[in-house]
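Thanks for asking me to look this one over. Here are my notes as numbered points, with the model itself shown just below.

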Amino acid sequence: VQLQASGGGLVQAGGSLRLSCAASGRTFSSYNMGWFRQAPGKEREFVAAIHRSGGTLYSIDSVKGLFTISRDMAKNTVYLQMNSLKPEDTAVYYCVADRNRFTYADEYDYWGQGTQVTVSS
């Protein structure tokens with residue numbers, strides 16, 4: 001599966017963004033999907049994931065930041081709605097997919113190219 005992330009940009013603190021990740025192929029419904037992020041000089045970290053059955057997984061920071069992951073099976077797309085953004089949310093956000101893994105660990109088989117999110121203070 002190929003993943004194409006979009007929706008990043010520059011936003012002021014307190015603002016919102018919605019990231020999208022379009023997946024190629026006809027087996028989108030077979031994959032667990034997720035988002036990771038990596039800030040400059042920091043390790044990559046888990047943000048959220050959604051199981052093919054619809055169950056979700058969030059990092060503690062994502063919950064505090066009012067992030068919501070969702071998926072549209074008809075559009076082969078997964079979304080990350082990010083509200084109340086803070087400067088520390090600035091990072092490159094990566095979309096991921098895996099047929100089996102549904103975890104906080106960065107062990108997913110497929111990774112998108114990333115989209116930059118910058119939150120100004």
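1. Let me begin with the interior. The largest nonpolar core has 27 residues, and those with the most contacts inside it are M33, W35, V78, L80, M82, Y93 and C95. A nonpolar core here is a set of buried Ala, Val, Leu, Ile, Met, Phe, Trp, Tyr and Cys residues joined through side-chain atoms within 4.5 Å. Buried means under 20% relative accessible area, exposed over 50%, and partly exposed in between, with a 1.4 Å probe and protein chains only.

2. Two or more residues of this core come from each of β1, β3 (17–23), β4 (32–38), β5 (45–50), β7, β8, β9 (91–98) and β11 (115–120). Strands are DSSP runs of E, at least two residues, numbered from the N terminus. Apart from this core lies another, of 6 residues, among them F36, F46, V96 and Y108.

3. A word on the source: this is a predicted model, in which local features need pLDDT of at least 70 and side-chain atom pairs count only at pLDDT 80 or more, while totals for chains, interfaces and linings use all residues. Residues are numbered from 1 along each chain as its sequence is written, and side-chain values use heavy atoms, with hydrogens and water left out.

4. Now the sheet. Four strands form an open sheet in the order β1-β3-β8-β7, with antiparallel pairing; two strands pair if DSSP finds at least two bridges between them. At the edges are β1 (3–6) and β7 (67–72), each pairing on one side only.

5. The edge strand β7 is worth a look. It is joined to β8 (residues 77–82) by 6 bridges, and the two run antiparallel. F67 has M82 as its bridge partner in β8, and R71 has V78. β7 and β8 make a hairpin with 4 residues between them, where N76 in the turn has a positive phi of about 50 degrees. The covered face of β7 holds F67, I69 and R71, and the uncovered one T68, S70 and D72.

6. Finally, which loop holds T90? T90 is found in the loop between β8 and β9. Its side chain reaches the backbone oxygen of P87 at 2.9 Å and the backbone nitrogen of V119, also at 2.9 Å. Leaving aside neighbours within four places in sequence, T90 is in contact (heavy atoms within 4.5 Å) with A39, P40, Q116, V117, T118 and V119.

Notes:
Polar contact = N/O pair within 3.5 Å; in protein donor to acceptor, adjacent residues only side chain to side chain.
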